[in-house]
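Trainee: I keep running into labels for helices and strands, and I'd like to know what backs them up. Could we go through a few together?

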Amino acid sequence: MFRSSPIIRWRKYDERYNLVGAKCEKCGKLYYPKVALCSCGSAKFAPHKFKGEGTLVSFTEVSSGPEAFAEHSPYCLGIVQLAEGPRITAQLADCKLEDLKIGMPLIASFRKFYTSGEKGSIHYGTKFVPKW
Amino acid sequence: MQNVGLVGYGSYVPKWRIKAETIAEVWGENAERIKNGLGILEKSLPAKDEDTITISVQAARNALLRAGIAGSKIGAIFVGSESHPYAVKPTAATVIDAIQAGFDTMAADTEFACKAGSAAIQMCAGLVKSEMIDYGLAIGADTSQSAPGNALEYSASAGGAAFILGREKKEIVAELERTLSFTSDTPDFWRRGLAEHPEHAGRFTGEPAYFKHILGATQMMLEQSKAKPSDFDFVVFHMPNGKFPIQAAKKLGFSMEQLKSGLVVERIGNTYSGSSLLGLSAVLDIAKAGQKILVTSYGSGAGSDSFIFNTTKRLEEVQSKAKKTEEYIARKEYVSYARYRQHMEMIM
Amino acid sequence: MFMKVGVIGTGITKFGELWDKSLRELLAEAQLKSLEEAKISPKDVEMIFTGNMCADALSGQLHIGAMASENLNLNVPSTRIEGACASGALAIRAGLQAIESGAAKIVQVNGVEKMTDVSVEQVTTALMGAGDEEVEGFAGATFPALYALMARAYMKEFGLTREELAAVPVKSHKHGSMNPIAQFQREITVDDVVNAVMVSDPLTLMDCSPITDGASSIILASESIAKKLNPEAVWIVGSSQATDTLALSARESLTEVKATRLAAEKAFKQAGITSKDVHLAEVHDCFSIAELLAIEGLGLAKKGEAGKHAAAGFHYFDSKIPINTCGGLKACGHPIGATGVKQAIEIVHQLQQMAGKRQVKKAEIGVTQNVGGTGATVVVNVFKR
C-alpha cells in the first residue's frame, strides 16, 4: 500500500532524477544516496550532483520481479560504481543479459520505474544504459 | 527589441524499432506496397520504461548541453504531446524537477495534435522576446498509439525534440526571423477523452487538412518575409508519412535536396509532436553557419506553425555537444510484433 | 567472561507448505513441543521472545509477542523480535540477554513464519523489506537478484564455476533426505541445479531456498536451573551480533560478509575457541552462494576456497567440516523467523548425539550463523556439550 504513495517517492525526486547525493563538508567524502553521518564523524553535508557516469561492478537478470515490476520482467539489475566513487544499485535499461560485462562503462538515463496501477502515480528515476 | 532565437536544441529517439514487414506479416498485407505507399521502412517504439515524460527529459537535457546553461536559467517550460502520461498533471512539471529549473518557472503542457510542440516554441519565443523571461524551453514529444490492424500502425512512433529560446546574440545558434500560424477548425483527425485510439476522416486528411494548412502557412510566410523557396538551404514539413512532405515541397516549389536532411520519417516513423521538430533538429545537426531553414509543422484539428531560422557560427560549435539526431536514429534494435504490443501496453 | 546458558528443550513443526495450519497454530505447536521436551510447565516460563519477519506483510498480524504468551495462557513479558531473516537468532540473543541480566531464569524462544497463503510475487515483494527499500526496493532488486550480484562478483573474483556452486544444494538435499521434518526429502544432482529454471542469473530455482511455513522453539535456562533440570543440556558459550549497511551497494565488498567475520570473532573469543575448533556449523544458505560466504566468514575456509571444498564433498555430515546437516535453508526449508531457532535445534540435537541418520561423529562444538538481508545483520552463536 505504501508503494502506491506518491509522497514516499516525491521526497526523493532530486535524489533520483538528478543523482543528487551528499558531500561531507569536513572531509569531502561523497555519498549516494546521502547519509546521516560521515565516516569521519561529521554530520554536516552539502548536496552533490553526480555526473551520471559509471562502470558495472556486477549484474544479474531478474526473471520475475515483484508485483510492482511484474510487467517489466525480465529486467537487468546491477551494482554501478559511479565515476566519483560511490556504488549504487541500479536497473540497467535498453540491454539484454548477453550485452553486459563486468567493468563496462555506463551512462545515466531518465526512465520510468513503475506505475501504481491504472489510476495511480507513475514513478520515475535514473537507470543506467551501456555507454554508446 | 532584441531578436530571439534558439540557443540550444536536443533530440531523443528510443532504441527500439519495428519493421514494416513485421507488421505486414501479422495482418497479411503486402509489405512492399505499404513501404512504397507510405515511404516508411520502419518506426521507433518506446522501451518498456520510456514514455513522453522520459523522452522529454532526455531531449531537454541534450538541449541544455548545447545551450551550455544550467537548468535553473530556464524561465518557462512548455511541453506539447498527444500522449502525456497523465491527463491531469503536466509533463512540464516533471521536466522542471529533472533539469532542476527551480520554483521560479512558468510551465504548462500544450495540445494541438502534432503541432503541440511547435506551438510551445511560439509561446517561448513570445516570452523571451518580450523580456518576461531570459530562456524558454519548448518540447515536442510523443509515444503515439495505434489500434492493431489500423494503417497508423505503420507510422505512429515515439520520439521528441527540445528547443531553448534566448535573446543573447552571442548565444544564438539559429535566429528566429519570423513565426506565424495558419489555423482553422478542420475535423480531419481527433481523439475523444476516453477513447483509446484516435479516429480520422480518411482521404479528408489530405487536401483540406494537411496540404491546405501546410501550404497556407508556408505561402503566408514566404509572402510576409518577401522570400522565395530557393532562398532556403533546408525545408522541414510535418511528416505523417514519407510522401506528404515530398508532395508539399513539390507544390510549394522546394526541392528534394532542400527536404532530404530533415526527412527522418522514413526510418523512425511519425513521432507526432516530435515530427517536424526532430526534422529541424536533424537539420541543425548538419547545417553550417549562415544558412536559412524553413519549418512548417502541422497539427490535426487543424493548424500549421511556420518558422524561418537563420543559422549562426555558434551552431557549428555546439552540434557535437550532445548526441545528434542521426546517432539516435542509427542506434536501433528490432522487435517482434508481440514484443511491440507488449511495449505499447505499458503506456496505455 | 561469557555467562553460559543452557538449552533444556526443543520443539519444531514440520517445515513445508502446511495449508491446514495458521500462523498461530504453527507457533503453538512448536511452543508446546519445547515445553514437553524440557519437561516443564508453561507456568515455569518467565519470558518469551519470538522471531518473525513478515507476518505483518503476509498475514496482517503484528504483535506476535502477545500471541505467543496467549498461546500458553500466560501474562509474562513476551516480545516479537525482528531482524529480517536473522529474526530467529536475534530472538535467541534476546533470551540470552534476559537470562544474563538476571531478568529471567527460564525463557522460551520461538521462531515462526507463515508464507504460503499469498502469491510468490507478494512474498518476493515482502522479502525485499530485508534490504534497503528506498535504494534496492525502488530499483526492483529482489533477494535472488541481490545474491545473484554477489554470486557473479564472487565467480569473477575467485573463478568459482557454476558446477562447484551447485555442489552446495546437492549436499543440502542429501542431508534433507535424512531429516524427517525437512520440506524436501529428495536428492538432487548438479545437473538438476544447473538446468533448473533461472530465477536471477546465474542463480536457478535450485540455488534458492524455498517458501516455507514452520515454527521452532527452544527453552533457555540459566546455568544452575539447566544443570538441575537437564543433565543433557547443551550450552550456549558464545553469542554475538554484528550489523552492516542495509544496501548491498553500500558495503565495502560484494564477495565477503563483514558482519559474519565480526560476529564470529567476538563469539569465538567468548567461547574460547578458534575456527579450527568448530566441528560443525549451521549456516544461512538462503542462496547457495550465501553458504560459501558464510563458511569463509566463519573462518572455516580461506577466502575463495569454500567452493572448492564444497565440490570436494568436505561439507557432508560424514566428512571434514559438516555444514547444514538438517538440510539447510534449501532442503529443510526457510520459514524465515523460524530458521534461526531451527539452526540452534539442529546443533543441539547433533551435540546430544540425537541426529539419527545424519549424526556427525565428533560433535562437541557447533556454531550457528543466521543472516538478515544480504548481511546487514549476522548472529553467530557457539554451542558446546
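Mentor: Sure, let's take the labels one at a time, bearing in mind that this is a predicted model.

Trainee: Why is H6(B) called oblique to H7(B)?

Mentor: Look at the angle: the axes of H6 (residues 206–225) and H7 (residues 244–252) of chain B cross at roughly 45° and come within 11 Å. Under 35 degrees would count as roughly parallel, and roughly perpendicular runs from 65 to 115. The crossing angle of roughly 45° fits neither range, so H6(B) is oblique to H7(B).

Trainee: Which hand does the crossing of H6(B) and H7(B) have?

Mentor: That crossing is right-handed.

Trainee: What makes the contact between H6(B) and H7(B)?

Mentor: From H6(B) you have Tyr210(B), Phe211(B), Ile214(B), Leu215(B) and Thr218(B), and from H7(B) there are Phe244(B), Ala248(B), Lys251(B) and Leu252(B). By class, that's seven nonpolar, one polar and one charged. Tyr counts as nonpolar here, Thr as polar and Lys as charged.

Trainee: On to the sheet. What makes E5(B) and E11(B) edge strands?

Mentor: E5 (106–110) and E11 (234–237) of chain B each pair on one side only. They sit at the two ends of the order E5-E4-E6-E7-E1-E8-E13-E12-E11 in an open sheet of nine strands with mixed pairing. On average, neighbouring strands there are turned by 20° against each other, ignoring direction.

Trainee: How do you know that E11(B) pairs with E12(B)?

Mentor: Pairing takes at least two bridges, and four join E11(B) to E12 (residues 292–296) of chain B, so that condition is met. These two strands run parallel. Phe237(B), for instance, stands opposite Thr296(B) in E12(B).

Trainee: Which helices pack on this sheet, and how are they directed?

Mentor: H5 (residues 116–129) of chain B is one of them, and its direction makes about 175° with that of E6(B). Another is H10 (residues 275–286) of chain B, at about 160° to E11(B). Angles over 145 count as roughly antiparallel, so both values qualify.

Trainee: Last one: how many residues does each chain bring to the contact between chains A and B?

Mentor: Chain B brings 17 residues and chain A brings 15. H3(B) gives the most on the chain B side, with four residues. By class, the chain B side divides into six nonpolar, four polar and seven charged.

Methods: Residues are numbered from 1 along each chain as its sequence is written. Chains are lettered from A and ligands numbered from 1 in the order in which they are written. This is a predicted model: local features need pLDDT of at least 70, side-chain atom pairs count only at pLDDT 80 or more; totals for chains, interfaces and linings use all residues. Axes are lines fitted to C-alpha atoms, for helices over the stretch in contact, and angles run from 0 to 180 degrees between N-to-C directions. A crossing is left-handed if the near helix is turned anticlockwise from the far one by less than a right angle, and right-handed if clockwise. Two residues are in contact if their C-beta atoms, placed from the backbone, lie within 7 Å.
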